[in-house]
Amino acid sequence: MKQGFELEALWEVPLGVLSYLFSRVVKWTLTFVSRYYNPASQRSQPEWQVVSAEFLKGPVKLLWTMSRARWNLHSLIAIAGPFSVSSSLSLDLTALNRSAKSWTAVVYTLQGYKTITSVSSLSIPTDRDWQSIELPPGRYLVGVRHYQWSDPIQLPAIQVDDQPALAAQPLTAPANFNQFYRNLVHRRGWLYTWLNFYVYPLLRYRRWLPSAFVKQTFLPVPNPETQFYYGALNTDEAVRLEVPPDLLNTHSLFLSLYTRDCFPLDWYPVTQTQHTTQAMTEKGAYILRVHPKDVLSLTRDISEIHVSIT
């Protein structure tokens, strides 16, 4: 086993380095192009867009997403904008708190989609109706992630510089809203293979690399409160979880499985103290998101969770 592992590294690592360099070129190119051509900047009025099969229908949006993040398969994501801000942007908290047990709102620049700041259901007192976010002058987008959402949800109203900018919008949101992610794997091709080929060796041989580099390279832009377990999975391997019973009362656990080119395979909440996934049919990766259910659980040590590969 050990010898096979070492022999595999002889070709996985060099090809992974080439893939990583290719992914950086693609990411830089897309960012550069977005500075001069951004469909969102052409809209005269802000609007809501929900991440769905229709939203990802175009190849450019799929490529952009595949080049930047690991899919957050457990949240219903909506994006609002663009907003021309002089000093502040405000969110309707009443709608957000009514729509989901947990939520996070992230502010991005319109050009380059740089993350500026975020607020969440755990960072704001529950007795507020609105939350104001101070921003430097510029143009922005707001992305809202709804976890354990209700049906329907209410996409929140947004104010800019204390003036109404975007009205609240109802959205039918059944529990299986995110099932469209399962069809993305049918869009695999050589471009996505090379774009994310590096992910498997990055995680498989992570002991050779600085942990901060691996984390920054692999993980998505996270909710500030979320903690992660993640790693590579070889063919026929599975993830085994052992979770303290009382931790399930304080935290929500969400497990995601991906192909080696980072298309979604499966995802679901973990609700039992012991759980083993199905064996992988190909090389891939996993992410376990551990999210506190309330403010009191923010400081809870989650190192009691035991994750092993079988």
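A residue counts as buried under 20% relative accessible area, as exposed over 50%, and as partly exposed in between. With these cut-offs in mind, the following report describes backbone features of a predicted model.

**Residues with positive phi**

Most residues other than glycine have a negative phi, and most peptide bonds are trans. Gln148, although not a glycine, has a positive phi of about 50°, and its place is in strand β7. Because its relative accessible area is 38%, Gln148 is partly exposed. Asp236 is likewise not a glycine and has a positive phi of about 75°; the place of Asp236 is in the loop between β12 and β13 (239-242). With a relative accessibility of 60%, Asp236 counts as exposed.

**Cis peptide bonds**

The table lists two cis peptide bonds together with the place of the proline in each.

| Cis peptide bond | Omega | Place of the proline |
|---|---|---|
| Gly81 to Pro82 | about 0° | Pro82, in strand β2 (residues 75-85) |
| Asp151 to Pro152 | near 0° | Pro152, in the loop between β7 (138-149) and β8 (153-155) |

**An open sheet**

Strands of a sheet pair through backbone hydrogen bonds, either parallel or antiparallel. In this model, 4 strands form an open sheet in the order β12-β17-β14-β15, and the pairing is antiparallel. The edge strands, each of which pairs on one side only, are β12 (227-233) and β15 (264-270), and from one strand to the next the twist averages 15°. Strand β14 (residues 251-259) runs antiparallel to β15 and is joined to β15 by 6 bridges; Leu255 has Tyr268 in β15 as its bridge partner.

Definitions and conventions
Residues numbered from 1 in each chain as written. Predicted model: local features only at pLDDT ≥ 70, side-chain atom pairs only at ≥ 80, totals over all residues. Heavy atoms only, no water. Pairing = 2+ DSSP bridges. Helix = DSSP H or I, 4+ residues; strand = E, 2+ residues; numbered from the N terminus. Axes fitted to C-alpha atoms, helices over the stretch in contact; angles between N-to-C directions. Buried < 20%, exposed > 50% of the residue type's maximum accessible area, 1.4 Å probe, protein only.
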